[in-house]
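Work through the exercises below with the model open. Try each task before reading its solution.

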Number of protein chains: 2
Amino acid sequence: MAAAFYESEWRITGCKSALRTVNPIRRIVDHLHIPDKSKLIPLSIGDPTVFGNLKPPDAVNNAVERVLKAGKSNGYLPSTGSVAARTAIAARFSCAPHGSSNSPISAEDVVIASGCSGALEMCLKVLAKEGDNVLLPKPGFSLYETICGHIGVECRFYDLLPSRSWECDLQQMEKQITPKTRAILVNNPSNPCGSVFSEEHLRLILAVAERNKLPIISDEIYETITFQGVPFSPMASLSTEVPILTVGGLAKQFLVPGWRVGWIMIHDRKDRFVSVRDGLARLATLILGANSLVQEAIPEIFEETPDSFYSGLNSTLETNASICVRALKEAKGLKVVEPQGAMYMMVEILFDQFDGISTDLEFCQKLLDDEFVFVLPGSCFRAEKFFRIVLCPPEDKLITACERIKKFCESHTK
Amino acid sequence: MAAAFYESEWRITGCKSALRTVNPIRRIVDHLHIPDKSKLIPLSIGDPTVFGNLKPPDAVNNAVERVLKAGKSNGYLPSTGSVAARTAIAARFSCAPHGSSNSPISAEDVVIASGCSGALEMCLKVLAKEGDNVLLPKPGFSLYETICGHIGVECRFYDLLPSRSWECDLQQMEKQITPKTRAILVNNPSNPCGSVFSEEHLRLILAVAERNKLPIISDEIYETITFQGVPFSPMASLSTEVPILTVGGLAKQFLVPGWRVGWIMIHDRKDRFVSVRDGLARLATLILGANSLVQEAIPEIFEETPDSFYSGLNSTLETNASICVRALKEAKGLKVVEPQGAMYMMVEILFDQFDGISTDLEFCQKLLDDEFVFVLPGSCFRAEKFFRIVLCPPEDKLITACERIKKFCESHTK
Ligand SMILES: Cc1ncc(COP(=O)(O)O)c(C=O)c1O
Ligand SMILES: Cc1ncc(COP(=O)(O)O)c(C=O)c1O
């Protein structure tokens, strides 16, 4: 009888996998008191659109408008994404290792997702399950932890070394590997570090992966964003042995993070990803990826965005970076690590020089209280001695913010 | 030493939760041979846009164009969605039970997701984990099973009865409940049945839920789509006791399934969903929901879409339904269940009248081979004696298709 099962009380609890989904930035920032808005300069938010000074290329708006007006792209797309978009992505990012027999990737090797976040979720889910672990960069983008927490995957961190422009501590990385390790996640160029790895360093990371027979998830969402004379090498261009899932998206390169279009590129090597490819295709059937208007606009966006757009964005960010580097090098008690790309820079707080400030949170809260400048505590990225500055605001705001930070350090150092 | 862990071979397998993600429609349809395209009439695809005869209201395109051109909505939105969109959704669908003390829902009770599919994934994930079970309608939309398979949740099916216009067999439903049951999923109006439940029947379902202290997931994505004289009642308007997650989206009502915007409405009752609400907010941080352009267009879409659009769509679908009902009632060996809403109708195959056809798959394959009409085998929805017709195509195609089906039945019945 069904009656036997009657519950006498309502006991509805959210499941563990939902409740253990934690965004470290929110957990930390929610403890800060953010003062009155008018004077506030937020250098905290990783959204390049908030100040209105950085605008997407015309090609982006034109392409979406054309697709919208044509009225032919309102329907469901294949679950892994529009063929035209996947073809364009494959063509743009194809990077078979030189002199290798790996064929360049094609549309079949691309899976479109709801933002690079969605791409990362799929990659982590297909490679690791509850009880497994993955290697993550420290400092690193907090979403990786959020997703791992959700799945129940243990995060094991490898150190990025500020003294070596945030290169990986490769020995320490390798020591983190256990029999339950399922992947090494690499983020290059880096959020929050603003670092860009050399080809040589990437080859050393690949050697660790190859020795341990581990695939790499390479988060290259900032791939076009490097400063003058800093070359970017796609991870997948450097190995004929290590299978790599490269993730990217429109968010940062084209300044449209709200549009939620990202992708996975499956760089298989020697058929090691047969089952992973199958798993990704299956995961893609769950929510059917990204908005069709934007997907269908991708070929035109790639084709019509002039080189001057990318170089313009990069030079704006580089100028902003040098403003901050110059200003904060003069600040007492701080140590700047010069960025080479992405949209961020990390600044070390030399606590022994400060009076009454002994944590990054205290530093950030006091800076908010005294000077109305909002920078993110390094704890958000597991870098407790640092704070992160976003390099996107207009020059004048950055200059003012840096002056205020200098003044703040002046009055709080011994 | 790290060396101790060196894997000697690459052993990368997709994780179980990915590999057990199965779309029953694909699994079944992939076994069919779909003949040459020119003559084919596909009545199989649940995408109202494929024929080009059904177009979104102008308001939809105008609103998105305006948001795009304003250039102010390219950034990240709150993880649960745009406040303006959530406010508009709450206002449109607010439906506190009459005479109850339940306050109408507000923006805080709405979570925007990547399509109604994304909304369903979140609801199922927050309520049920591996080893739990949920009650699903049979026949029912196959994505429910796909998601449950992914999570590892057992599907227990309650029967919808064709003889009673696809009402639930409530006794059999209640017998499916076990101590591990976490929710009852109800889809009204129904895909694939085209049925619409009366208020009275909904109250009986709610009574089952209440007796067993189970929350309801109410998939109301077709809520505006009912035929003349068939009233639709939102589940949440009928109970002051049973907490309900109602899911919906733009896909079907506004004919833009590719845009991937759906939502969850949290109809809490007596704080029974406190933990579920928390879990949903956490899950929303993983991929940050739906495209910002469309989200910000929602208030204008709701406001500016004239009533004539909804009634026009419904009358087109109703006309198409009566064409099919009339034609197929005359067909030998078939039994029609008249639809009352949504975009589908189910037709029973009376196998004992057929010669050499004993399964729905055989029926559909032979119909494809002989007459180039593609209908989905009922097996896709766990209704092995039926096939499903999509009612969206232009009249002339439907008329031709029905003629061909009649001819087909004529020549294959005894
Ligand atoms: C390193 C990195 N990866 C991924 C993302 C997420 O990108 P999306 O907005 O496309 O989900 C971000 C966003 O800040 C990021 O910094
Ligand atoms: C009953 C039902 N629910 C949900 C969905 C999925 O909707 P969306 O396209 O918004 O993900 C569909 C689509 O066919 C459906 O029929």
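A residue is near a molecule or strand if one of its heavy atoms lies within 4 Å of it. This is a predicted model: local features need pLDDT of at least 70, side-chain atom pairs count only at pLDDT 80 or more, and totals for chains, interfaces and linings use all residues. Residues are numbered from 1 along each chain as its sequence is written, chains are lettered from A and ligands numbered from 1 in the order in which they are written, and side-chain values use heavy atoms, with hydrogens and water left out.

**Exercise 1. Place ligand 1 relative to the chains and describe its shell.**

Step 1. Ligand 1 sits between chains A and B.

Step 2. List the neighbours. The shell has 15 residues, and the nearest are A:Cys116, A:Ser117, A:Asp219, A:Tyr222 and B:Tyr76.

Step 3. Find the main contributor. With 4 residues, α5(A) gives the most to this shell. Helices (H or I, at least four residues) and strands (E, at least two) are DSSP runs, numbered from the N terminus.

Step 4. Sort by class. Around ligand 1 there are 8 nonpolar, 4 polar and 3 charged residues. Ala, Val, Leu, Ile, Met, Phe, Trp, Tyr, Cys and Pro count as nonpolar, Asp, Glu, Lys and Arg as charged, and the others, Gly among them, as polar.

**Exercise 2. Find side-chain polar contacts of ligand 1 and state how much of the ligand is buried.**

Step 1. Fix the cut-off. A polar contact is a pair of N or O atoms within 3.5 Å; within protein, one must be able to donate a hydrogen and the other to accept it, and residues adjacent in sequence count only if both atoms are side-chain atoms.

Step 2. Start with nitrogen. A nitrogen atom of ligand 1 is 2.6 Å from a side-chain N or O atom of A:Asp219.

Step 3. Turn to oxygen. A:Tyr222 places a polar side-chain atom 2.6 Å from an oxygen atom of ligand 1. For A:Lys252, the distance to an oxygen atom of the ligand is 2.9 Å.

Step 4. Check burial. Ligand 1 alone exposes 400 Å², and the protein buries 97% of that. Accessible areas come from the Shrake-Rupley method with a 1.4 Å probe; for residues, only the protein chains shown count as cover.

**Exercise 3. Which residues come nearest to ligand 2, and why is its site shared between chains?**

Step 1. Of 15 surrounding residues, A:Tyr76, B:Cys116, B:Ser117, B:Asp219 and B:Tyr222 come nearest.

Step 2. Residues of chains A and B surround ligand 2, so the site is shared between chains.

Step 3. Helix α5 (residues 115-127) of chain B gives the most to the shell, with 4 residues.

Step 4. Oxygen atoms of ligand 2 lie 2.5 Å from a side-chain N or O atom of B:Ser117 and 2.7 Å from one of B:Asn191. For B:Lys252, a polar side-chain atom is 2.8 Å from a ligand oxygen. The protein covers 97% of the 400 Å² of accessible area that ligand 2 has on its own.

**Exercise 4. Compare the size of chain A with the globule rule.**

Step 1. The radius of gyration is taken over C-alpha atoms; the rule is 2.2 Å times the number of residues to the power 0.38.

Step 2. For 414 residues, a compact globule would have a radius near 22 Å; chain A has 22 Å, so the two agree.

Step 3. Add the extents: the C-alpha trace of chain A spans about 65 × 65 × 50 Å along its principal axes. Chain A has 13 helices and 14 strands.
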